[in-house]
Amino acid sequence: MSSVLQPATPGQDHKAPPAAGIYRPVSSHLAIAPPVSVVIPAMNEAENLPYVFKTLPDWVHEVVLVDGNSTDDTIAVARVLWPGVKVVEQRGRGKGDALITGFGACTGDIIVMVDADGSADGNEIVSYVCALVSGADFAKGSRFANGGGTDDMTFVRRLGNRALCAVVNRKFGARYTDLCYGYNAFWRHCLDRIDLDCTGFEVETLMNIRVVKAGLRVQEIPSHEYLRIHGVSNLRAVRDGLRVLRVILRERSNRRALRRRGRHRSPMLDSVLDPVLDPALDPVAGEIS
């Protein structure tokens, strides 16, 4: 998988989608070869999409909009704003189901997750992509890393996020500064390593845990979360916090079960599998720059 960096060609038309093998200009000094897919799960977000699409870089390979049975003009607006948008209808329910559906429709080597409520700045995508082509497997957005921030977090949510993040760091050997944030990017091959099976909002936490358990290289990206522009969020701090906690406990239990089943392994097999089962034994596992 290519991660070659090349200078952008002066005067190159950024609006025309590049053919396979052509470098995509990211800035006046940088171009990349890997195609980038942006996945946007949306349900009744017609009013917010103009703000979302306005910030998306024109060098992305494709935009995949996963429509959760919207009753407004979400699909029509998306097609006007981005004529080449790939619209996928969600058959199940929940944000996790929408994201899994969108990931399956992507053709790019790099996948970026962006919310449809206008809270994410698409101009930050370049930072995520640069981290990936520089060696990271998973670029994780953080509102609490140096340079990040949030305009949309109550005291209760901030406290809960901090507590849950501390549990994940302690139990799985991660070094996260933010846990429940949905602005992330990763190489598509990571999907084969984390095997997502969660349909709700807690899918973001599940991804963060499983990339560490899989020994993938993680880099946090400072990100600023803005207020939802239109509409009301479906997020409920206590309800969703408990769902996140259940995911953490389930993943911890699964990890212990794997270790118990492996007690009778041979010493040679132990040396291969222990870093996978316990990231703390692998100096590279869960690394955050």
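Here is a walk through this structure, from the chain as a whole to its aromatic rings.

Keep in mind that this is a predicted model, so let's start with how confident the predictor is. The mean pLDDT of the protein chain is 83, with 79% of the residues at 70 or more. The two stretches to treat with care are easy to find in the numbering. Over residues 1-20 the pLDDT stays under 50, and the model gives that stretch 36 contacts beyond four places in sequence. Residues 272-289 also have pLDDT below 50, with 35 contacts beyond near neighbours in sequence.

Now for the overall build. The protein chain has nine helices and 12 strands. Of its 289 residues, 48% are buried. Take the contacts with a separation of 6 or more: 73% of them join residues 24 or more positions apart. The accessible surface of the chain comes to about 13900 Å², and carbon and sulfur atoms account for 54% of that.

Helix 4 is a handy place to zoom in. This helix covers residues 125-133, and its buried residues are Ile125, Tyr128, Val129, Ala131, Leu132 and Val133. After helix 4 comes Gly135, with a positive phi near 130°.

On to the rings. How many aromatic pairs does a search of the whole structure find? The count is five. Take Phe53 and Trp82: their ring centres are 6.1 Å apart and the planes meet at 45°, so this pair counts as tilted. That angle is neither under 30 degrees, as stacking would need, nor over 60, as edge-to-face would. The pair also ties together distant parts of the chain, as the two residues are 29 apart in sequence. Phe53 belongs to helix 1 (residues 49-55), while Trp82 sits in the loop between helix 2 (74-81) and strand 6 (86-89). Both Phe53 and Trp82 are buried.

Tyr181 and Tyr183 make another aromatic pair, this one edge-to-face, with 6.5 Å from centre to centre and 65° between the planes. Are these two tyrosines buried or exposed? Tyr181 has a relative accessible area of 5%, so it is buried. Tyr183 comes in at 2%, so it is buried too; the cut-off for that label is under 20%.

Two more ring features round off the tour. Phe103, Phe138 and Phe186 are linked into a cluster by ring pairs. Finally, look at Tyr176: Lys140 lies over the face of its ring, 5.0 Å from the ring centre.

Technical notes:
Residues are numbered from 1 along each chain as its sequence is written. This is a predicted model: local features need pLDDT of at least 70, side-chain atom pairs count only at pLDDT 80 or more; totals for chains, interfaces and linings use all residues. Side-chain values use heavy atoms; hydrogens and water are left out. Rings of Phe, Tyr and Trp (its six-membered ring) pair if their centres lie within 6.5 Å; planes under 30 degrees apart count as stacked, over 60 as edge-to-face and the rest as tilted. Helices (H or I, at least four residues) and strands (E, at least two) are DSSP runs, numbered from the N terminus. Buried means under 20% relative accessible area, exposed over 50%, partly exposed in between (1.4 Å probe, protein chains only). A charge sits over a ring if NZ of Lys or CZ of Arg is within 6 Å of the ring centre and within 35 degrees of the ring normal. Contact means heavy atoms within 4.5 Å. Accessible areas come from the Shrake-Rupley method with a 1.4 Å probe; for residues, only the protein chains shown count as cover. pLDDT is the predictor's confidence in each residue, from 0 to 100.
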